[in-house]
Amino acid sequence: MTETPRGLRPPAEIGLLIDLTGDPIQGVLRHPHGADKPFAGWMALVRALELALQDERAHHDRPDAG
């Protein structure tokens, strides 16, 4: 992995579990610093991603984050 330039947050790793039989798209978005975020539909996936990124930013902004 490459170094993160000073002042920038490190990259966040986010995973998707997608139900291939679902219509509309549905599944669970997972990330290491918050709760799993289930979604059903494209807009709900985008919202789950926004919430996961918010959790990741909050984690990296904490003084004890590492």
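**Sheet, helix and core: a quick chat**

Me: In what order do the three strands of the open sheet come?
Reply: This is a predicted model, and its three strands pair in antiparallel fashion to make an open sheet. Strand E1 (15-18) and strand E3 (37-40) are the edge strands, each with a single partner strand, so one side of each has no neighbour in the sheet. Neighbouring strands are turned by 25° against each other on average, direction ignored. The order is E1-E2-E3.

Me: Which residue in E3 is the bridge partner of Leu29?
Reply: E2 and E3 run antiparallel and are joined by four bridges. Leaving aside neighbours within four places in sequence, Leu29 has contacts that include Asp36, Lys37 and Phe39. Its bridge partner in E3 is Lys37.

Me: What angle does the direction of H1 make with that of E3?
Reply: H1 packs on the sheet and touches E1, E2 and E3. The largest nonpolar core has six residues, Ile25, Leu29, Phe39, Leu45, Ala48 and Ala52, and H1 gives the largest share of this core, three residues. As for direction, H1 and E3 make an angle of about 160°.

Me: Is His59 buried or exposed?
Reply: His59 sits in helix H1 (residues 42-61). Its side chain has a polar contact of 3.1 Å with that of His33. Buried means under 20% relative accessible area, and His59 is at 10%, so it counts as buried.

Me: Where in the chain is confidence highest?
Reply: The chain has a mean pLDDT of 84, with 83% of its residues at 70 or more. Confidence is lowest in H1, at a mean of 90, and at 95 it is highest in strand E2 (residues 26-30).

Methods
Residues numbered from 1 in each chain as written. Predicted model: local features only at pLDDT ≥ 70, side-chain atom pairs only at ≥ 80, totals over all residues. Heavy atoms only, no water. Helix = DSSP H or I, 4+ residues; strand = E, 2+ residues; numbered from the N terminus. Buried < 20%, exposed > 50% of the residue type's maximum accessible area, 1.4 Å probe, protein only. Polar contact = N/O pair within 3.5 Å; in protein donor to acceptor, adjacent residues only side chain to side chain. Core = buried A, V, L, I, M, F, W, Y, C linked by side-chain atoms within 4.5 Å. Contact = heavy atoms within 4.5 Å. pLDDT = per-residue confidence, 0-100. Pairing = 2+ DSSP bridges. Axes fitted to C-alpha atoms, helices over the stretch in contact; angles between N-to-C directions.
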